[in-house]
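Here's a quick tour of a protein chain, starting with a couple of individual residues and then zooming out. Have the viewer open as you read.

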Amino acid sequence: MRAVMRILVFLACAALMPTIALAQAVIAGSVKDSSGAVLPGVNVEATSPELIEKIRTAVTDGTGQYRIEDLRPGAYTVTFSLPGFTTLKREGIELTGTFTATINVELKVGVVAETVTVTGESPVVNIQSARREMTLNNDVLKAIPTVRSYNATVSVVPGVTTNLNDVVTATATTQFPIHGGRNNEGRLMIDGLNIGNPPGGNQPTSYIADVGNAQEVTFTTAGGLGESETAGLVMSVVPKTGGNRKSGALFMSFTGRKLSGDNFNDALRAAGLAAPTPLSNVYDVNGSFGGPIKQDKVWYFLNARTQGSTKIIANVYYNQNAGDQTKWLYSPDLSRPAYNDRTSENVSGRVTWQISTRNKVGAFWDEQANCRTCTGLTTGITDPARVAPEARGLSQTKPLRVTQVTWSSPLTNKLLLDAGWGGIYYAWGNFERRPNPTHDLINVVEQCAAGCPANGGIPGLVYRSQDWGQNYAGSYSWRASASYVTGRQSLKVGYQGTYLSDIRTWYTNSQNLAYQFNNGVPNRLTESISPWVNNALGAWHAVFVQEQYTSGRVTLQGALRFDHSASWYPQQTEGPSTFLPTALVIPETPGVDAYKDITPRMGLAYDVFGNGRTAFKFNAGKYLEGMGISNNWANANPTLRMPCTVGPFAPCGVTRAWTDANNNLKPDCDLLNGAAQDLRSSGGDVCGPTSNTAFGTTTLTNAFDPALLTGWGVRPSDWTLGAAVQQQILPRASIEVAYTRRWFNGFTVYDNQLAAASDFAEYSITAPSDPRLPGGGGYAVSGLYDIAPSLFGRVGNLVTDATKYGKWTDNFNGVDVTLNVRTGAGWTFQGGTSTGQTAADNCEARNNLPEIGLSPAVNLAQGLPGLTTSPVSPTNPYCHVDYGWLTQLRALSSYLIPKIDVQLSGVYQSKPGALLAANYAVPSQVITQILGRAPAGNPANVTINILAPGQYGDRINQLDFRAAKILKFGRTRTMVGIDLYNALNSSAVLTYNNAFVPGGTWLQPQTVLTARLIKFSAEITF
């Protein structure tokens, strides 16, 4: 198959087929004479100042139809000419995104020199494509009160779900699935090339996208054809390239503590929030300049930017005992609240060279550094939810470098060629602080199972010692394209390729230990192998063909795509270390070798009444999970198949129960012996068995089913179906109602071959009485499992397809209603509602395999509000969940008041809060009474979620507003504005403490919506 793949790649490159080519706009239509007869041979010319080549041409075919593709966004004039007929010039055609502007004209008989110029409203209904999208042009991007970053901009799209709710501060790594999709399905495209994040499935990293200087940003929400790997949201940034006239801009914004309001109220105080969490010292300075190096030949565009912000972290303070090896408890210094600070800096340059009338080349370089000067506690997606400042390093991406080279050529009026290469390289993880006074101290996490007033009162707090990573990742993509376009037909064939690298080394303290305390008393320890190397490489290739055909009022679209993806792992060396005394050399090993998939997609667009104002659209297709150094591509790495139960974003480790019988805070057991030990008679401690008794050996305790790592149709995927009606309601205004259904497959389970289903004892507990629980508590929580004690820590997993054990379903159904208004009077409105439900069930598989979710964790469904998880495990029995019909509303609006040139704009979000849980640490004695024996591994307690999924936290309602005065002096335009964030001063809780203690701090706020904030901004463009 490798030889076949090489041949396919060679043929694809030779034919210059398209990849995820920069999808751009189209002008298409038909030409007739005054009698209604079609006119073949009409010369059609599209001109725009946005085209460095000035003009693009086409000729109508035998049916009188024409089509001009690959047009940059902007204003166009189209000229129609044919000997013996009057020349017609149509002005004021505005193109955005991948919109197809249908311009049908009628030519009258006339003299050759006669030209008629007409100006009409640009079409607002796309009657020739099933693709659904939302486009923000540069004027809107600059007008709305949203920080100019990809993670803030994506929040205006109806149907999207994000892990962050920050529209004020700088860029942060953000996941943005849509319509119940997988967390890693979103894509950020810059000039048609993906800015990927290999550890996150190649969704975006913390890249500072130059949104404020983009010509436009388009969000594709459904209907992608052969160029799409996933069915997720694609955010495409079309950058400015310069122009024939020198121009530039200087943007500044800032706010401070004195400009921040206070949403700390009695409800938050009663919920356990100790003090306000103000945002301060927010700044953004951005300068850009572009123009011609040579008129109509070479253009350039330069950009430089620096940003920063500081925010207080709720209920976390600096530890007065930090760095003191004699102190083991967390002692908060209430005069020094912990803070999260971020800084971002970048310099970039782009050059566009029109080599000839048929050849254009572009080059781009962007050098960035995130958190180069940070000093506070800045955590990321892979970090603990609650951590003291001394226990985390610096979340830096230094360097972060993006480079691109592109080439395009309208070889003829019908044949378009395109090629490009782009790469991103960056460092990631919590880098070690220098100096690190905690290097020799043992890390501690406070469980707080029944309250922890003796140790800071913060459930799950990690403190005392720092864990860190030194990690580097790269994603390098290349493309080539060829499109053959006639009047009613467009044919594309394509090839895409990506090479991925993820080089990780994880570290912990010099003692390779971590303790778990419960109210300051140790009850568990973790043994780790540090440093722990986890390196992986991968690549994927895709070849596709897609066609579009228009006949009358019907446009049909179809595509067929072939994907080939693989991963492998270079030679890796682990140890020697305390718990791995002899170094282990792991030779280069294949991983996924290889996934091969053929996925069909189709679409239909129908001009219902033939007037271009009403369109019915239908799309359906199979899409794939985004390929990255994640999931099976990563997990088949021998370093992740070693006998560990801690990881993968940490050193390889195992846990074991521990009773410090002699109270010396030292585990007086033989920690190299994974068996249970009771050494109290000799003055020692009680240590339970390790969670994997093969720890420290070369045994691979996770064996992958070979059928899971190779073959056709094995890669996780989803089917997506959509139907929509788009209606023009006014000139330059349309409404769309769309239905979406998605169903997912390709789930994986870990089957411990050393234990059968009969080796698990099923039991139930009674939830404690607590008025905050449904019905006041006291209900039964059933379907819990505990393995036979003799088998605890004995692990021999077979990683295989979940369907071997029973049905597993995950479906989404939803309806979006969106409105798009852009009047000539200066008013813009874009937004709408999205209502949908995710339903998931893996009960049949869980009944046959009780250890599901024991290790690693299993999430029943993704794309839930706040991207919170819904785990299924032996102590999380909720294997069938209908998550409820949830509605979100997202909208933006901008209006320029004439004569006084005052611009008013706003962004509104209303969305469900986070999915709640109640993780109750049930004392071991209670489990013992139920089972008639101690729970396996002799833990001090067993954590059980006693709240069925379906309850959500505060609904998040946020209104942001801007008022700006526009001043014009010749070619110079100045904007001075005031932004008001969270104008309603909502105090919605974003994340909660889900550790349940009867009468305790369950649902204590961890993060709260930023209080009302005033920010000043100014921009000079010239």
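Thr119 is exposed, since its relative accessible area is 61% and the cut-off for that label is over 50%. You'll find Thr119 in strand β9, which covers residues 115-119. Leaving out residues up to four places away in sequence, Thr119 touches Arg90 and Glu91. Lys89 is worth a look here too: it sits 30 residues from Thr119 in sequence, with 8.5 Å between the two C-alpha atoms. Keep in mind that this is a predicted model.

Now for a residue with the opposite label. Ser309 counts as buried, because its relative accessibility is 5% and buried means under 20%. Ser309 belongs to strand β17, running over residues 298-319. What does Ser309 touch, once residues up to four places away in sequence are set aside? The list is Thr169, Ser280, Asn281, Val282, Asn340, Asp341 and Arg342.

Here are the two side by side:

| Residue | Strand | Relative accessible area |
|---|---|---|
| Thr119 | β9 (residues 115-119) | 61%, exposed |
| Ser309 | β17 (residues 298-319) | 5%, buried |

Zooming out, the secondary structure of the chain adds up to 7 helices and 62 strands. The radius of gyration is 30 Å, close to the 31 Å that the globule rule gives for 1022 residues, so the chain is as compact as a globular protein of that length. Along the principal axes, the C-alpha trace spans about 110 × 65 × 55 Å.

How much of the chain is buried? Of its 1022 residues, 60% count as buried. As for contacts between residues at least 6 apart in sequence, 73% join residues at least 24 apart. The accessible surface comes to about 37,100 Å², and carbon and sulfur atoms account for 58% of that. On the charge side, the chain carries 79 positive and 73 negative charges, whose mean positions lie 7 Å apart.

So where should you trust the model, going by the predictor's own confidence? The chain averages a pLDDT of 92, and 97% of the residues score at least 70. Strand β29 (residues 513-518) has the highest confidence, at 98, while helix α1 (residues 2-14) has the lowest, at a mean of 37. Over residues 1-21, pLDDT stays under 50, and the model has 52 contacts beyond four places in sequence for that stretch.

Note on methods. Residues numbered from 1 in each chain as written. Predicted model: local features only at pLDDT ≥ 70, side-chain atom pairs only at ≥ 80, totals over all residues. Heavy atoms only, no water. Helix = DSSP H or I, 4+ residues; strand = E, 2+ residues; numbered from the N terminus. Rg over C-alpha atoms; globule rule 2.2 N^0.38 Å. Buried < 20%, exposed > 50% of the residue type's maximum accessible area, 1.4 Å probe, protein only. Contact = heavy atoms within 4.5 Å. Areas by Shrake-Rupley, 256 points an atom, 1.4 Å probe, with all protein chains shown as cover. Lys, Arg positive; Asp, Glu negative; His and termini not counted. Charge placed at Lys NZ, Arg CZ, Asp CG, Glu CD. pLDDT = per-residue confidence, 0-100.
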